[in-house]
Each structure stands twice: as C-alpha cells, then as structure tokens.
Amino acid sequence: MKILVTGGTGYIGSHTVVELQNAGHDVVVIDNLSNSNELSLQRVAEITGKKVDFYNIDIRDFNALDSLLNNHNFDCCIHFAGLKAVGESVQKPLEYYDNNVCGTVSLLRALNKHNCKNIIFSSSACVYGDPEFIPITEDCPKGKCTNPYGQTKSIIEEILKDLQKSDSNWNVVLLRYFNPIGAHQSGKIGEDPNGIPNNLMPYITQVAIGKRKELNVFGNDYDTHDGTGVRDYIHVIDLARGHVCALRAIENKCGFEVFNLGTGHGYSVLDVVHAFEKANGVKIPYVIKPRRAGDIAVCYADSKKAKEKLGWGAQFNLEDMCRDSWNWQKNNPNGYNGG
Ligand code: NAD
Ligand code: WQD
C-alpha cells in the first residue's frame with residue numbers, strides 16, 4: 001500500500017516507517033520537525049536500505065496538504081503528528097487544541113477531498129482516565145482526562161467516530177497505546193526528548209549515562225505490590241508492528257475499530273528500575289518523591305482484541321525493552337544532535 005505517515009520523523013513514527021518499509025509498503029512522511037530531527041529518516045534508510053520520501057509540512061496547513069495529495073494517491077494515512085507533553089499541555093492548552101485537534105481536522109478535510117478515506121490514529125490509554133476496571137478492555141468507558149493533552153486524544157477519537165458515521169466509505173482504526181519504550185535494536189533510532197524527560201524510561205537512561213544524578217520516583221504509597229505506579233510498558237517495535245497489522249483491518253474495510261496496544265503485563269516503577277539494572281549491569285540511584293499530580297496507580301491492557309482481530313501480540317519483554325533503550329542512549333548520548 002502507499003501510506004502517508006504524519007509525524008513520521010518522531011519516536012514512534014520513525015520506528016513504524018521501518019516496519020512499513022520492511023513489510024513492503026511505500027511510505028511518504030510529513031512532519032513540521034517541531035519535536036524531531038530529520039536525521040531520524042536518514043537512520044531509517046540506513047536500517048532498511050530504502051530512502052524515505054519526506055516533506056516538511058505542518059498538518060494545519062491545508063494548502064500544503066492539498067498540493068501533496070494532488071501529487072500522490074495514498075491508500076491510507078497513519079496519523080502520529082501531535083504534541084504530547086502532558087505537563088506542557090496544562091500550561092499551553094490553546095497550543096495543544098490548535099495543533100492536535102485543529103491539525104487533525106485540517107488533515108481530515110484534505111484526505112476527504114482527495115478521497116483517501118482510510119486512517120489509523122495514535123490514541124492513548126489516557127482516554128480511559130482512572131480506568132473503571134483492570135485489565136482495561138476497549139469496552140472500558142472513557143474517563144475524565146486530567147490534562148488538555150489527553151482531552152485532545154479523546155476529542156479526536158470522537159471526531160473520527162462522527163466522520164465515519166457520516167460516511168461509511170471511511171475506515172478508521174484507533175490505536176490506544178499504553179507506555180511505549182525501547183528502541184530499534186540497531187541503536188540507530190530511538191526516543192530523543194527535549195530537555196528534562198517527562199517519561200520514566202528516558203529519565204532512567206539519562207541517569208544511567210550520567211546526565212542526571214538520580215531518578216525521582218513519584219510516590220511509593222499507591223495500592224500496588226511495592227507502592228509505586230504500575231504501567232503496561234510496550235516495546236516500540238511491537239507497537240510499530242501493530243500499525244502494520246492494523247492495515248489489514250483497513251484493507252478489510254473495517255469501518256470503525258478501536259484496539260489497545262499493550263502487552264497485558266503491569267510493571268511498577270521499581271520493577272523497571274531493577275529490570276534495567278539487571279539487563280544492563282548499570283546502577284540507577286533513586287529517591288522517593290511525592291506523587292506526581294494527575295498520575296493514577298495502575299494501568300495495563302487487556303490486549304486480546306488485537307490478538308483475535310489483527311493477529312497482533314507483543315513479542316518483546318521488559319528485559320528486551322531495557323536493553324534496547326540503553327543501547328540507543330549509549331550510542332547516541334546527545335540523541336540525534338550528536339550527529
Ligand atoms: P513525537 O513527538 O516523537 O512524534 C510526533 C511528531 O509529530 C514529531 O515528529 C513532531 O515534530 C510532529 N508534529 C507535531 N505537530 C505537528 C504538526 N502540526 N504538523 C506536522 N508534524 C507535527 O511523539 P511520539 O512519542 O512518536 O508520539 C507519536 C504519537 O503517538 C503522538 O500523537 C502521541 O500523542 C501518540 N502517543 C504517544 C505515546 C508515548 O508515550 N510516546 C503514548 C500514547 C500516544
Ligand atoms: C510512568 C510511571 C510515573 C517519570 C504518559 C502519558 C500518557 C502517554 C504515556 C503520551 C508513572 C513514574 C515517571 C519519573 C517516575 N503519553 N515516573 N519518575 O504517566 O504512565 O503516561 O506517557 O500519550 O498519556 O500520561 O508515563 O513514563 O511519565 O510514567 O516515578 O521521572 O513512572 O509516576 O507511575 P505515564 P510516564
């Protein structure tokens with residue numbers, strides 16, 4: 001298939017481009033490089049041996065999308081482009097609603113105009129809020145998101161649902177990601193956060209490489225086996241392959257479908273710290289801090305639906321994720337800026 005990948009120079013997008021090219025798909029990437037580096041696509045080409053067609057386009061720029069779509073006939077769009085920093089979204093809600101929600105509406109208008117009515121959207125487990133039950137199935141009611149970032153995901157889901165309802169030629173797959181970590185085994189592409197990492201694994205790898213003194217563990221008084229927060233960490237390669245599998249649902253004219261992409265296993269913050277130390281032989285000093293505002297105690301997926309309907313399941317375990325995260329950080333101490 002010929003696939004338009006928005007946000008394809010970013011963390012999950014670049015890994016997905018590798019898996020799409022490996023599966024024989026023809027890929028065009030657009031990105032405004034607001035949170036990424038074009039070098040990631042050069043690295044993708046080193047991995048796959050195939051050059052990636054790239055355009056610097058902001059998805060809010062309808063005219064730019066219109067002329068791109070005049071020149072290419074896409075079978076499907078995989079839509080990663082968006083801002084994703086939870087804390088920043090609380091400070092700059094208008095930027096998040098404009099970029100994520102208005103950007104998606106602009107993209108959908110352009111796709112609709114050019115009759116490309118197939119889309120796979122990067123949603124998030126955060127749409128479940130504090131989940132009503134665990135493990136979380138796709139039938140779990142959506143909850144109250146505690147931040148504008150999460151709201152944008154939930155709103156975009158509703159927009160896509162309404163669009164598909166209005167026109168059954170549309171096929172929409174919502175993929176609700178749990179916690180992606182890890183990197184390509186080559187160590188050539190990985191997560192390259194700006195400034196102080198918000199997320200656990202990039203913070204751990206920066207402690208390991210000596211950029212940060214110690215990990216702050218946000219709370220050890222949750223109702224979990226060791227008191228620290230439990231999440232469903234998933235290898236980014238498994239996540240990327242989930243998109244390749246989701247294309248099958250699109251090909252089968254699925255209408256509107258929602259899938260969780262998680263492993264189904266929950267690990268605490270300290271489980272991850274210990275797994276990282278064991279996998280890599282590196283000590284991670286940590287201190288216990290108060291809970292982080294907006295955090296929930298436990299979040300992990302029931303991923304049976306993706307197994308049954310997409311034939312997709314996670315292949316990598318926590319040790320693999322810790323090893324590959326560290327391999328990327330070690331090889332690229334300053335991310336893509338190191339060259
Ligand atoms: P990322 O920041 O690495 O990638 C997002 C990409 O989108 C970046 O390259 C950025 O430059 C680009 N972008 C942002 N706004 C744009 C715009 N207006 N026009 C064009 N490009 C734009 O993030 P990621 O971790 O790869 O996440 C990809 C998607 O998955 C995002 O939508 C994110 O919200 C979602 N998601 C991520 C996680 C996670 O933990 N990483 C979890 C759930 C969902
Ligand atoms: C994981 C656990 C923290 C950092 C976020 C977004 C979600 C999705 C994935 C984009 C929690 C603890 C963390 C640190 C810590 N993103 N922690 N010290 O919060 O589950 O999900 O990223 O879509 O929408 O909310 O991920 O990696 O930030 O935290 O103790 O320095 O690690 O409290 O228990 P989270 P995370």
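This report covers the surroundings of ligand 2 and a small sheet of three strands in a predicted model.

## The shell around ligand 2

Ligand 2 is surrounded by 19 residues. The closest are Tyr149, Leu200, Asn216, Arg231 and Asp295. Sorted by class, the shell holds ten nonpolar, six polar and three charged residues.

Two elements each give at least two residues to this shell: α7 (200-208) and β8 (215-218). Strand β8 supplies the largest share, with four residues.

## Polar contacts and cover

Asp295 reaches ligand 2 through its side chain. One of its polar side-chain atoms lies 2.6 Å from an oxygen atom of the ligand. Leu200 uses its backbone instead: a polar backbone atom there is 2.8 Å from an oxygen atom of ligand 2. Ser124 also takes part. An N or O atom in the Ser124 side chain is 3.5 Å from an oxygen atom of ligand 2.

On its own, ligand 2 has 690 Å² of accessible area. The protein covers 87% of that.

## A three-stranded sheet

Three strands form an open sheet in the order β12-β9-β14. The pairing is mixed. Strands β12 (267-268) and β14 (298-299) stand at the edges. Each has a single partner strand, so one side of each is left without a neighbour in the sheet.

Strand β9 covers residues 230-231. β9 and β12 pair in the antiparallel sense, over two bridges. Arg231 has Tyr267 in β12 as its bridge partner. Arg231 also links the two topics of this report, as one of the closest residues to ligand 2.

Notes
Residues are numbered from 1 along each chain as its sequence is written. Chains are lettered from A and ligands numbered from 1 in the order in which they are written. This is a predicted model: local features need pLDDT of at least 70, side-chain atom pairs count only at pLDDT 80 or more; totals for chains, interfaces and linings use all residues. Side-chain values use heavy atoms; hydrogens and water are left out. A residue is near a molecule or strand if one of its heavy atoms lies within 4 Å of it. A polar contact is a pair of N or O atoms within 3.5 Å; within protein, one must be able to donate a hydrogen and the other to accept it, and residues adjacent in sequence count only if both atoms are side-chain atoms. Accessible areas come from the Shrake-Rupley method with a 1.4 Å probe; for residues, only the protein chains shown count as cover. Ala, Val, Leu, Ile, Met, Phe, Trp, Tyr, Cys and Pro count as nonpolar, Asp, Glu, Lys and Arg as charged, and the others, Gly among them, as polar. Two strands pair if DSSP finds at least two bridges between them.
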